[in-house]
Amino acid sequence: MKKIVLMVALAAFLMVSAVAFANPKAPTGELKVSEMMKSNKKPPVMFSHAKHAAGVPDCKTCHHTWDGKAAPEKCSKCHTGRKSGKKDNMKNTMHKKCKGCHKAFKKAKKPAGPTSCKDCHKK
Ligand code: HEC
Ligand code: HEC
Ligand code: HEC
Ligand code: HEC
């Protein structure tokens, strides 16, 4: 019984705080995704939040573990170079996430991002 009361109180607190704290802003410049790479086998991949804002308005599409409050954690915090358990390594994770969405958008005939190696891994 005590547990349930506690849970309800916690849920209420979380809902209030989600409104009370201002969301962190998405970076506006170009992020070098290569900062997450384990090696330099491929040229760096640049990622622009600004250019994705219109096509992908929900932050949690990419920051899938984000609580919506504090700044989202780097993907590389959990997706390390090694495959562990259900989590993929960075390369597979990024390829699935980035390329997967670009392919889906292309198929739906919407403006999409690159799907070929050299258009992401730019020299
Ligand atoms: C939509 C963009 C995109 C496309 C297209 C893409 N990649 Fe990547 N790739 C990435 C990102 C982002 C990473 C970063 C993963 C990381 O930090 O380890 C990555 C990582 C890699 C890595 C690991 C490099 C390292 O140092 O850890 C290799 C190798 C790689 N890609 C090869 C390829 C090849 C080959 C192709 C074409 C078949 C390709 N990629 C297409 C975005 C892309
Ligand atoms: C299309 C995918 C995508 C979307 C949508 C997205 N982000 Fe990101 N964001 C990324 C990637 C990739 C990084 C680089 C993460 C890393 O370095 O591991 C990043 C990095 C960040 C960082 C910097 C984190 C750090 O520690 O360097 C912040 C803050 C951030 N995003 C906030 C947001 C917010 C707020 C939104 C929604 C308005 C958003 N993002 C939407 C993919 C996305
Ligand atoms: C707090 C840890 C954590 C962070 C940070 C995180 N992930 Fe994940 N991710 C996981 C775990 C755990 C799984 C596997 C279980 C699941 O699907 O939820 C996963 C699964 C995934 C998958 C599905 C993999 C597959 O095999 O289908 C993708 C894609 C992905 N993450 C992309 C990202 C991207 C991109 C970022 C950064 C914007 C990110 N993740 C940040 C923990 C994390
Ligand atoms: C959920 C869908 C989605 C995900 C996930 C996504 N993108 Fe995109 N991306 C788009 C769309 C839509 C565009 C086209 C935007 C436009 O042209 O209006 C785009 C455009 C781009 C462009 C070209 C924009 C430019 O700079 O000229 C690059 C590069 C790119 N994405 C890289 C990435 C990388 C790297 C990731 C993974 C970290 C990623 N994207 C994840 C939807 C996505």
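Here is a walk through three ligand sites in this structure, which is a predicted model.

Let's start at the iron atom of ligand 2. Two histidines coordinate the iron, His49 and His63, each through its NE2 atom and at 2.0 Å. The iron has six donor atoms, and with angles of 81 to 179° among them the site comes out as octahedral. Now look at where the two histidines sit along the chain. His49 belongs to helix 2 (residues 49–53), while His63 is in the loop between helix 2 and helix 3 (75–78), so the pair ties together parts that are 14 residues apart in sequence. What about their exposure to the surroundings? His49 has a relative accessibility of 18%, and because the cut-off for buried is under 20%, His49 counts as buried. His63, with a relative accessible area of 22%, is partly exposed.

Next, move over to ligand 4. Its shell is made of 18 residues, and the closest are His52, Cys98, Cys101, His102 and Pro111. Two of those histidines also make polar contacts: a polar side-chain atom of His52 lies 2.8 Å from a nitrogen atom of the ligand, and a polar side-chain atom of His102 is likewise 2.8 Å from a nitrogen atom of ligand 4. Lys51 reaches an oxygen atom of ligand 4 instead, with a polar side-chain atom 3.3 Å away. Where does the shell come from? Strand 2 (46–48), helix 2 and helix 4 (90–107) are the elements that give two or more residues to it. Helix 4 gives the most, with six residues. As for chemistry, the shell around ligand 4 holds twelve nonpolar, four polar and two charged residues.

Finally, there's ligand 3, which has 15 residues around it; His64, Cys75, Cys78, His79 and Lys96 come nearest. An N or O atom in the side chain of His64 is 2.8 Å from a nitrogen atom of ligand 3. Lys96 has a side-chain N or O atom 2.8 Å from an oxygen atom of ligand 3. The elements giving two or more residues to this shell are helix 3 and helix 4, and helix 4 provides the largest share, three residues. By class, the shell around ligand 3 divides into three nonpolar, five polar and seven charged residues.

Which helix should you keep in view when going back over these last two sites? That would be helix 4: it gives the most residues to the shell around ligand 4, and the largest share of the shell around ligand 3 comes from helix 4 as well.

Conventions
Residues are numbered from 1 along each chain as its sequence is written. Chains are lettered from A and ligands numbered from 1 in the order in which they are written. This is a predicted model: local features need pLDDT of at least 70, side-chain atom pairs count only at pLDDT 80 or more; totals for chains, interfaces and linings use all residues. Side-chain values use heavy atoms; hydrogens and water are left out. Donors are N, O and S atoms within 2.8 Å of the metal (3.2 Å for Na, K and Ca); water is not among the atoms, so sites may look incomplete. Four donors count as tetrahedral if all angles lie between 85 and 135 degrees; four count as square planar and six as octahedral if opposite donors are over 155 degrees apart and all others between 65 and 115; anything else is irregular. Helices (H or I, at least four residues) and strands (E, at least two) are DSSP runs, numbered from the N terminus. Buried means under 20% relative accessible area, exposed over 50%, partly exposed in between (1.4 Å probe, protein chains only). A residue is near a molecule or strand if one of its heavy atoms lies within 4 Å of it. A polar contact is a pair of N or O atoms within 3.5 Å; within protein, one must be able to donate a hydrogen and the other to accept it, and residues adjacent in sequence count only if both atoms are side-chain atoms. Ala, Val, Leu, Ile, Met, Phe, Trp, Tyr, Cys and Pro count as nonpolar, Asp, Glu, Lys and Arg as charged, and the others, Gly among them, as polar.
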